[in-house]
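Subject: Structure for your review

Dear colleague,

Please find below the structure I promised to hand over. I should be grateful if you would keep it open while reading the notes that accompany it.

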Amino acid sequence: MSMEGRGLLVVVSGPSGAGKGTICKGLLETKKDIVVSISNTTRLPRDGEVHGKNYFFISREEFLDMISKDGFIEYAEVYGNYYGTPRRYVEENLHQGRDVLLEIDIQGALQVKEKYKEGVFVFILPPSMEELKARITKRGTEDEKEILRRFESAYKEINYVSRYNYFIINDRVDTAVEKLRSIITAEKCRVDRFKMKLIGQ
Ligand code: 5GP
């Protein structure tokens, strides 16, 4: 009987401005036994963003080529740019028993949920819609039209919370990070996961 098996796929998602990125960053600072998948995007880098750290910034042609080679476990067009999760990195790590964290939008998370039913899907909610708007505005990298677009889209997206396993209201980053850590810990203790490993799934 072995406790070894596939790693846990943790998908953190939610509307833009809810604070997914900050929470994931906070988790990774102290949790060293999980790897984060770096997405490919056709979006241009913002100031300070680094290729291979924040994203792999690639051209539209390269992105389309990866789609045609089934190189993504999911991809989506978000605010006019493509974003995708590279298949190889995720599969290899899960196969080697490492837990993998994805921080992706809702369309992408729902695609992953279709294919990776054993994944853990966590929805990050802003404390209020006013706060959400303030955060999207404060980021300061988008113009007014783009801010409004992101806010409207976030407003609609909140309803998708019902498709997820867990929600976290991001009113304080440290408690939100702690909740995410606890969710992962609890999921790794689940008997039904252990049974899945025993029958070799
Ligand atoms: P941003 O342009 O602000 O970095 O990201 C915009 C949105 O795209 C965010 O909601 C972010 O979580 C999402 N995103 C980042 N990487 C991926 C990915 O690989 N797939 C999908 N579906 N969404 C992603």
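The notes below cover the two sheets, the helices packed on them, a helix pair, the largest pocket and two loop residues. Please bear in mind throughout that this is a predicted model.

The five-stranded sheet

One sheet is open and has five strands in the order 2-7-1-8-9, with parallel pairing. Its edges are formed by strand 2 (34-36) and strand 9 (166-169), each of which pairs on one side only. From one strand to the next, the twist averages 25°. Within this sheet, strand 1 (residues 9-13) pairs with strand 7 (residues 99-103) in the parallel sense, over four bridges. Val12 stands opposite Glu103 of strand 7. Helix 7 (residues 173-188) packs on the sheet and touches strand 1, strand 2, strand 7, strand 8 (120-125) and strand 9. The direction of helix 7 makes about 160° with that of strand 9. Helix 3 (residues 87-95) also lies across part of this sheet, namely strand 1, strand 2 and strand 7, and runs at about 150° to strand 7.

The four-stranded sheet

A further open sheet consists of four strands in the order 4-3-6-5, and here the pairing is mixed. Strand 4 (56-57) and strand 5 are at the edges with a single partner strand each, so one side of each is left without a neighbour in the sheet. Strand 3 (residues 40-41) and strand 4 are paired in the parallel sense over two bridges, and Phe56 in strand 4 is the bridge partner of Asn40. Helix 2 packs on this sheet, touching strand 3, strand 5 and strand 6, with its direction at about 140° to that of strand 5. Helix 3 packs here too: it touches strand 5 and strand 6, and its direction makes about 25° with that of strand 6.

The pair formed by helix 5 and helix 6

Two packed helices are described by the angle between their axes and the distance between the axes. For helix 5 and helix 6, the angle is about 145° and the axes are 10 Å apart. Their crossing is right-handed. On the helix 5 side, the contact involves Met129, Leu132, Lys133, Ile136 and Thr137; on the helix 6 side, it involves Ile147, Leu148, Arg150, Phe151, Ala154 and Tyr155. By class, the residues of this contact are eight nonpolar, one polar and two charged.

The largest pocket

The largest pocket holds about 1400 Å³ of space. Its lining comprises 46 residues, and those nearest its centre are Lys20, Gly21, Thr22, Tyr55 and Glu103. The lining has 15 nonpolar, 16 polar and 15 charged residues. Helix 1 (20-30) provides the largest share, six residues. Other elements that each supply at least two lining residues include strand 5 (72-78), strand 6 (81-86), strand 7, helix 4 (106-115), helix 5 (129-138) and helix 6 (144-157).

Two loop residues

Finally, two backbone angles may interest you. Asp70 is not a glycine, yet it has a positive phi of about 55°; this residue is in the loop between helix 2 (60-68) and strand 5. Tyr79, likewise a residue other than glycine, has a positive phi near 50° and is placed in the loop between strand 5 and strand 6.

Yours sincerely

Methods
Residues are numbered from 1 along each chain as its sequence is written. This is a predicted model: local features need pLDDT of at least 70, side-chain atom pairs count only at pLDDT 80 or more; totals for chains, interfaces and linings use all residues. Side-chain values use heavy atoms; hydrogens and water are left out. Two strands pair if DSSP finds at least two bridges between them. Axes are lines fitted to C-alpha atoms, for helices over the stretch in contact, and angles run from 0 to 180 degrees between N-to-C directions. Contact means heavy atoms within 4.5 Å. On a 1 Å grid over the protein atoms alone, a cavity is a set of points where a 1.4 Å probe fits but cannot get out, and a pocket is an open set with protein on both sides within 12 Å along at least five of seven lines; lining residues have an atom within 4 Å of a point. Grid points are joined across faces, edges and corners, and a volume is the space filled by probe spheres set on the points. Ala, Val, Leu, Ile, Met, Phe, Trp, Tyr, Cys and Pro count as nonpolar, Asp, Glu, Lys and Arg as charged, and the others, Gly among them, as polar. A crossing is left-handed if the near helix is turned anticlockwise from the far one by less than a right angle, and right-handed if clockwise.
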